[in-house]
Amino acid sequence: MSLKPQALLVMNSGTFADQFDSTRLERLAGLVDLGDQPWTDSLDAPELADRLEEVEILLTSWGVPQLNAERLERMPKLRAVFHCAGTVRSFVSEALWDRGITVTNGADANAIPVAEFTFASIVLAGKKAHVLANDARTHRDDWSYISDRGELGNIGRVIGVIGFSRIGRRVVHLVQQLQDVTCLVSDPHADPLEVAAAGGTLVPLEELLPVSDVVTVHAPALPETRHMISTAELQAMKDHATLINTARGSLIDTAALEKECATGRITALLDVTEPEPLPAESTLYDLPNVIITPHIAGSLGTETRRMSDAALDDLERYLAGKDLLAQVVHADLGLSA
């Protein structure tokens, strides 16, 4: 009988194929006993009863069902869940916390591609690249339209970061590469000294909006942050400014954004929307100063393996009795996405 703890991978089939290639499965098998069935996309199948009775560790990702009281009853020996994706909100339950089960996630690893995507968007926004590319479809034989989108360039810009989250702080670090940049940060929970150490200056939102050339949103989706960017905030933004949202669609009031962008005064780069996707009749699709991408900023394809590696790193630490690098506790969910 194996002395390794019994473990099971729980996620949808596409995610399993993306995140656990032969190299990672081999590494995992060296740490735990995966039995005859290493992966499942369901915890409710009757034929899994004996397997679940012995499972001590779950590795989860997109597609994991909620770990509610009923499912946890089928896993009496479960003591740790290593989530190979970002937020754990979709599957954790009060019953899970009550049992004292250890939980980790891959949010730090997932923050890397989002911050990279955001920084690239900021640089392109400085040149109005997306918008001018759309304009070129209309003005095919005359480049004089370039001057209609405001001053171009990435020197001396003011970048406003809303939310000093794990992604927000990475963005603050990345924009320091720009010459003579001023980075303003708005977050009621941030420590001014930590913001300063990253290269930013903590200010109220009403101070950030009117002076920022680019405003990028990285706040969590909470009841108090819903539509935090609405009519008043959009109207406070300076002419030709760009609003970037790679966080959650609910942070921006879609109706208000439609009205403001229809004036042509500001640009919006949206990787997330509310609803998602937007209805086909949304005016945002037709505006040249609005760029919509299909929620691609986060980890995709090969990038998802970074989160698998992070989970395996923490699994190794867990089995060795070391402190974990990405543990999530119940209280964290009040301030995280």
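**A tour of aromatic pairs and a parallel sheet**

Begin by selecting Phe82 and Tyr318 in this predicted model; both residues are buried. Their ring centres lie 5.5 Å apart with the planes at 75°, so this pair is edge-to-face, given that angles over 60 degrees count as such. Display the secondary structure around the two rings: Phe82 belongs to strand 4 (residues 80-83) and Tyr318 to helix 13 (residues 304-319), so the pair ties together parts 236 residues apart in sequence.

Across the whole structure, a search finds three aromatic pairs. For another of these, select Phe16 and Trp39, which are stacked, with 5.5 Å from centre to centre and 15° between the planes. Phe16 lies in helix 1 (residues 13-19) and Trp39 in strand 2 (residues 39-40), so this contact ties together parts that are 23 residues apart in sequence. Phe16 counts as buried at 17% relative accessibility, whereas Trp39, at 23%, is partly exposed. Add Phe20 to the selection: Phe16, Phe20 and Trp39 form one aromatic cluster.

Next, turn to the open sheet of seven strands, which pair in parallel in the order 8-7-6-9-10-11-12. Strand 8 (201-202) and strand 12 (290-292) stand at its edges; each has a single partner strand, so one side of each is left without a neighbour in the sheet.

Within the sheet, select residues 158-162 and 182-186, which are strand 6 and strand 7; five bridges join them in the parallel sense. One position to label is Val161, whose bridge partner in strand 7 is Val185. Finally, show helix 8 (residues 166-175), which lies across strand 6, strand 7 and strand 9 (214-217) and runs at about 170° to strand 6.

Conventions. Residues numbered from 1 in each chain as written. Predicted model: local features only at pLDDT ≥ 70, side-chain atom pairs only at ≥ 80, totals over all residues. Heavy atoms only, no water. Phe/Tyr/Trp six-rings, centres within 6.5 Å; stacked < 30°, edge-to-face > 60°. Helix = DSSP H or I, 4+ residues; strand = E, 2+ residues; numbered from the N terminus. Buried < 20%, exposed > 50% of the residue type's maximum accessible area, 1.4 Å probe, protein only. Pairing = 2+ DSSP bridges. Contact = heavy atoms within 4.5 Å. Axes fitted to C-alpha atoms, helices over the stretch in contact; angles between N-to-C directions.
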